[in-house]
Amino acid sequence: MTTRLRILDDGAWLSVDDTRRVSVSELWRLESADFCECDLADLVVENLLETGVEGRTVQVRAYGQCIACGAKSTTGWVPVGRVVDGEFVDIDREGVLTSTSDR
């Protein structure tokens, strides 16, 4: 079964099978040494840049700002959901997310 992933509205939404599932303006707790110098970045997501899949995990690269230190940057690949039995299931983005530089 194919799952369609698209970035919509100039990077404002991640669409999964033509349903808007992940949006900008979310606050993510991000563990990423590459994003900023904070142990955990408090990232306000401003733009979704790319989407991809690693196994069943749906990932995005996003641009945003850490509200703790003010750094603005692009993330590595951040998991936002999984495809389970053909359905998209959100990953709890209120918890700590880990960014990877590779897929």
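Q: Quick one to start: which residue in β2 is the bridge partner of Arg6?
A: That's Ser15. Keep in mind that this is a predicted model.

Q: Fine. How do β1 and β2 pair, parallel or antiparallel?
A: Antiparallel, with four bridges joining β1 (residues 5-8) to β2 (residues 13-16). The two strands make a hairpin with four residues between them.

Q: What's the phi of Asp9 in that turn?
A: Positive, about 50°.

Q: And where does β2 go next, what about its pairing with β3?
A: β2 also pairs with β3 (residues 19-23), in the antiparallel sense and over four bridges. Leu14 stands opposite Val22 of β3 there.

Q: How many residues sit between the strands in the β2 and β3 hairpin?
A: Two. Asp17 in that hairpin has a positive phi near 50°.

Q: Moving along the chain, how many bridges link β5 and β6?
A: Ten, between β5 (residues 41-54) and β6 (residues 57-66), running antiparallel. One facing pair is Val44 with Gln65 in β6. The hairpin leaves two residues between the strands, and Gly55 in the turn has a positive phi of about 65°.

Q: Which residue in β5 stands opposite Arg29?
A: Asp42. As for the strands, β4 (residues 27-31) pairs with β5 in the antiparallel sense, over four bridges.

Q: Change of topic: how many disulfides does the structure hold?
A: Zero. Cys66 is in no disulfide, and its nearest cysteine sulfur, in Cys38, is 3.8 Å away.

Q: Is Cys66 buried or exposed?
A: Buried, because its relative accessibility is 0%, and the limit for buried is under 20%.

Q: Then why is there no bond between Cys69 and Cys38?
A: The Cys38 sulfur is the closest cysteine sulfur to that of Cys69, but at 3.8 Å it's too far for a bond. A disulfide needs the sulfur atoms within 2.5 Å.

Q: How accessible is Cys69?
A: Cys69 has a relative accessible area of 43%, so it counts as partly exposed.

Q: Last thing, where is Thr75?
A: Thr75 is in the loop between β7 (72-74) and β8 (78-84).

Q: Buried or exposed, then?
A: Thr75 is buried, with a relative accessible area of 2%.

Q: What does Thr75 touch?
A: Leaving out residues up to four places away in sequence, Thr75 touches Leu30, Phe35, Leu43, Val60, Arg61, Ala62 and Ser99.

Notes: Residues numbered from 1 in each chain as written. Predicted model: local features only at pLDDT ≥ 70, side-chain atom pairs only at ≥ 80, totals over all residues. Heavy atoms only, no water. Buried < 20%, exposed > 50% of the residue type's maximum accessible area, 1.4 Å probe, protein only. Contact = heavy atoms within 4.5 Å. Pairing = 2+ DSSP bridges.
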